[in-house]
Amino acid sequence: MENNDLNFNTRIDLANLKLAVENIKAELGKIIVGQEDFIDLLLVALLADGHVLIEGVPGVAKTITAKLLSKTVETGFSRIQFTPDLMPSDVLGTSVLNMKTSEFEFKQGPIFSNLVLIDEINRAPAKTQAALFEVMEERQISMDGTTYKMKPPFMVLATQNPIEQEGTYALPEAQLDRFLFKIDVGYPSLEEEILILKSNQERKGALPQTMINSLIKEDELMKYKQQIFEILVEEKVLKYIAQIILKTRNHPHLYLGGSPRASIAVLIASKAYAAINGRDFVIPEDIKKVIYPVLRHRVILTPEREMEGMTADKVVEMIVQSVEVPR
């Protein structure tokens, strides 16, 4: 039975949140064909206050989907294109001498926004990557002895090309850990490809951005985020999360397992996933849905398994199947 069809009385009124999510999906559906899981996970991350890393080859609508999602929310948006010569000050901002007052003034960089799209994040060098550590984790920037707080909501949507592609740098583990999800975007199926072509033909040259309307205001989004904290998680479900994460730490195929931050990410994401399905409590299916994007960038395979073509997703699947599901 589909978990969406369960009949129950909710403690929290999630009707408005569920309706807002459905409206956003319908709005994005005007342009984006397929990619239901991708859009679901983006919405979960938005509600769970988490950052998202989106990986896929060029041309599979990573950037446009992130851009159109930000258009559905009435809030600040900025886009930063990462390049090999990008400096930290190009992202965070820099102090400029004001000739009138003879004092230095801080000019905010493009990171000072609400939804920040970082395109091709793995094309910038380590120095620029490190500039994101503090702002992604603590929602603030320390510059010249002053701390600047980011105005909520604050979310980084970063796209990256697969690391075997030309001119890419692997992201450091500490930075990867700051992303709630890593979403892999694959090629469309034949049916989806045909729909993409039809949709493009019907647009008659109209830009996708002009066809998407703003649907929710910033204060509504903040209210929905607050509701996520109220979602109920039973003790046995918490234990289920902990058991899965613990198994990643001593699995023979893994060189590095999930940290406590991974456990918290699964907890928060599963709450948001329950909420977008209109439920005020988490069930094991919610955890199974979010566990892959939470863990695939946090666990590291042993070199032998990697050479054999094993993937992080396959190991996570083995672990999930080995842990007893709470009833």
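Reader: Which residue in β6 is the bridge partner of Ser-78?

Author: The bridge partner of Ser-78 in β6 is Val-116. The model is predicted, so local features need pLDDT of at least 70 and side-chain atom pairs count only at pLDDT 80 or more, while totals for chains, interfaces and linings use all residues. Residues are numbered from 1 along each chain as its sequence is written, and side-chain values use heavy atoms, with hydrogens and water left out.

Reader: How do you know that β3 and β6 pair?

Author: Two strands count as a pair if DSSP finds at least two bridges between them. Strands themselves are DSSP runs of E with at least two residues, helices are runs of H or I with at least four, and both are numbered from the N terminus. β3 and β6 share five bridges in the parallel sense, so the requirement of at least two is met. In general, strands of a sheet pair through backbone hydrogen bonds, either parallel or antiparallel.

Reader: Which other strands belong to this open sheet, and in what order?

Author: Five strands form the open sheet, in the order β3-β6-β9-β1-β10, with parallel pairing. From one strand to the next, the twist averages 15°. Axes are lines fitted to C-alpha atoms, for helices over the stretch in contact, and angles run from 0 to 180 degrees between N-to-C directions.

Reader: What makes β3 and β10 the edges of the sheet?

Author: β3 (77–81) and β10 (179–184) each have a single partner strand, so one side of each is left without a neighbour in the sheet. For β10 the partner is β1, paired in the parallel sense over five bridges. Within β10, Asp-184 is the bridge partner of Glu-55 and Phe-181 that of Val-52. β6 pairs with β9 in the parallel sense over four bridges, and Leu-157 in β9 is the bridge partner of Leu-117.

Reader: Which strands does α2 touch when it packs on the sheet?

Author: α2 touches β1, β6 (115–119), β9 and β10, and its direction makes about 170° with that of β10. Contact here means heavy atoms within 4.5 Å.

Reader: Why is β6 called mostly covered?

Author: A residue is buried under 20% relative accessible area, exposed over 50%, and partly exposed in between (1.4 Å probe, protein chains only). Five of the five residues of β6 are buried. In a regular strand the side chains alternate between the two faces of the sheet. In β6, Leu-115, Leu-117 and Asp-119 are buried on one side, and Val-116 and Ile-118 on the other. β10 is also mostly covered, with five of its six residues buried.

Reader: Why do Asp-49 and Ser-102 count as partly exposed or exposed?

Author: Asp-49 has 37% relative accessibility and therefore counts as partly exposed. Ser-102 has 57%, and therefore counts as exposed. Asp-49 lies in the loop between α2 (36–48) and β1 (51–55), and Ser-102 in the loop between β4 (93–98) and β5 (103–108). Neither is a glycine, although phi is positive: about 60° for Asp-49 and about 55° for Ser-102.

Reader: How many cavities of 30 Å³ or more does the search of the whole structure find?

Author: The search finds one. A cavity is a set of points on a 1 Å grid over the protein atoms alone where a 1.4 Å probe fits but cannot get out; a pocket is an open set with protein on both sides within 12 Å along at least five of seven lines, and lining residues have an atom within 4 Å of a point. Grid points are joined across faces, edges and corners, and a volume is the space filled by probe spheres set on the points. By this reckoning the largest cavity holds about 60 Å³.

Reader: What lines the largest cavity, by class?

Author: The lining has 10 nonpolar residues, no polar and no charged ones. Ala, Val, Leu, Ile, Met, Phe, Trp, Tyr, Cys and Pro count as nonpolar, Asp, Glu, Lys and Arg as charged, and the others, Gly among them, as polar. Among the lining residues are Leu-17, Ile-24, Leu-43 and Tyr-224. α1 gives the most, with four residues.

Reader: How much space lies in the second largest pocket?

Author: About 600 Å³ lies there. Of its 30 lining residues, the closest to the centre are Val-33, Gln-35, Phe-38, Val-60 and Val-185. α7 gives the most to this lining, with six residues. By class, the lining has 16 nonpolar, five polar and nine charged residues.
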